Amino acid sequence: MSQESSIALANQFLIAMPGMADEAFVGSVVYLCEHNEKGALGLVINKPISLTLGHLFEKVELSPPQDDLADTPVFYGGPVQTERGFVLHEPLDAKGGHYNATLSVPGGLEMTTSRDVLEALSNGAGPKRILVTLGYSGWAAGQLEEEIGRNGWLTVAASPEIIFDTPVELRYERALGLLGVDPRMLSLEAGHA
């Protein structure tokens, strides 16, 4: 097994570098849910769309969630399957039950794609801290490693506080801060000694 294929980036943030060529990812912070020899899957956590959870619940014929959840924005998770919902949430304990289609990120959060998590939220149950996206970000085998090698992305261990507690407009800067990087210090040019 080569060194490169043993890099596991699940539960990491991918932070788009300035000059990101792909328009879909300019200024993005992506939470990586899965990364293995087959490829990678993640959700953009800092690009809200004009849809709120209340409207999303109406579209799928569920009662809107209680309290202020209804006003929470839905996010653009990435360019793949943009009509499909993904719910990123804190891990549920054994008593909290589970959902039909949940991916547990090793050492990190959980991502659920089945309707039952929305039904639970609609009834005032379900995970307390969530981020809902339409679509996801996907990379084929070796593609993400190649993009990182070309300095398209920085990687850092993810912080749930940035996903759930940080205002959207500060998430990119705070994610860079986990690396001790000031966004103003990033350059499009490679350094030469």
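This passage walks through the nonpolar cores, aromatic pairs, salt bridges and unusual backbone angles of a predicted model.

A good place to begin is the interior. The largest nonpolar core has 24 residues, and the members that touch the most others are F13, Y31, C33, I45, L88 and I163. Several strands and helices contribute to this core: β1, β2 (29–36), β3 (39–44), β6, β9, α4 (160–164) and α5 (171–177) each supply at least two of its residues. Another core lies apart from it and holds 16 residues, including L51, L53, Y99 and L134.

Aromatic rings come next. Five aromatic pairs turn up when the whole structure is searched. One of them joins F86 and Y136, whose ring centres are 5.4 Å apart; the planes of the two rings meet at 65 degrees, so this pair is edge-to-face. With an angle over 60 degrees being the requirement for that label, the value of 65 degrees qualifies. The two residues come from distant parts of the chain, as F86 sits in strand β6 (residues 80–89) and Y136 in strand β9 (residues 130–140), with their positions 50 residues apart in the numbering. Both F86 and Y136 are buried.

A further pair is formed by W139 and W153. Here the ring centres are 6.1 Å apart and the planes stand at 85 degrees, so this pair too is edge-to-face. It also links distant parts of the chain: W139 belongs to strand β9 and W153 to strand β10 (residues 153–157), 14 residues apart. The relative accessible area of W139 is 5%, so this residue is buried. W153 is likewise buried, because its relative accessibility is 3%, and the cut-off for a buried residue is under 20%. The two tryptophans do not stand alone, since ring pairs connect F25, W139 and W153 into a cluster.

Charged side chains offer another view of how parts of the chain meet. Side chains of opposite charge can pair when their charged atoms come close. The structure contains four salt bridges. In one of them, the side chains of E90 and R129 meet at 3.0 Å, N to O. E90 is found in the loop between β6 and β7 (102–104), while R129 is found in the loop between α2 (115–122) and β9; the pair therefore ties together parts that are 39 residues apart in sequence. E90 counts as partly exposed, at 29% relative accessibility, and R129 is partly exposed as well, with a relative accessible area of 23%.

R129 has a second acidic partner in D165, and their side chains form a salt bridge of 2.7 Å, N to O. Because D165 lies in the loop between α4 and α5 and R129 in the loop between α2 and β9, this contact ties together parts that are 36 residues apart in sequence. D165 is partly exposed, at 46% relative accessibility. Through shared partners, the salt bridges join E90, R129 and D165 into one network.

A more local arrangement is seen in a helix. E119 and R115 form a salt bridge in which the closest N and O atoms are 3.1 Å apart. Both residues lie in helix α2, where they are four residues apart, or about one turn of the helix. Each is partly exposed: the relative accessible area is 33% for E119 and 38% for R115.

The backbone also has some details to look for. Most residues other than glycine have a negative phi, and most peptide bonds are trans. N11 has a positive phi of about 65 degrees, although this residue is not a glycine. N11 is located in the segment before β1 (12–16). With 18% relative accessibility, N11 counts as buried; the value falls under the 20% cut-off for that class. N151 has a positive phi too, near 60 degrees, and is again a residue other than glycine. Its place is the loop between α3 (143–149) and β10. Unlike a buried residue, N151 is exposed, with a relative accessible area of 55%, the cut-off for exposed residues being over 50%.

Terms used
Residues are numbered from 1 along each chain as its sequence is written. This is a predicted model: local features need pLDDT of at least 70, side-chain atom pairs count only at pLDDT 80 or more; totals for chains, interfaces and linings use all residues. Side-chain values use heavy atoms; hydrogens and water are left out. Rings of Phe, Tyr and Trp (its six-membered ring) pair if their centres lie within 6.5 Å; planes under 30 degrees apart count as stacked, over 60 as edge-to-face and the rest as tilted. Buried means under 20% relative accessible area, exposed over 50%, partly exposed in between (1.4 Å probe, protein chains only). A nonpolar core is a set of buried Ala, Val, Leu, Ile, Met, Phe, Trp, Tyr and Cys residues joined through side-chain atoms within 4.5 Å.
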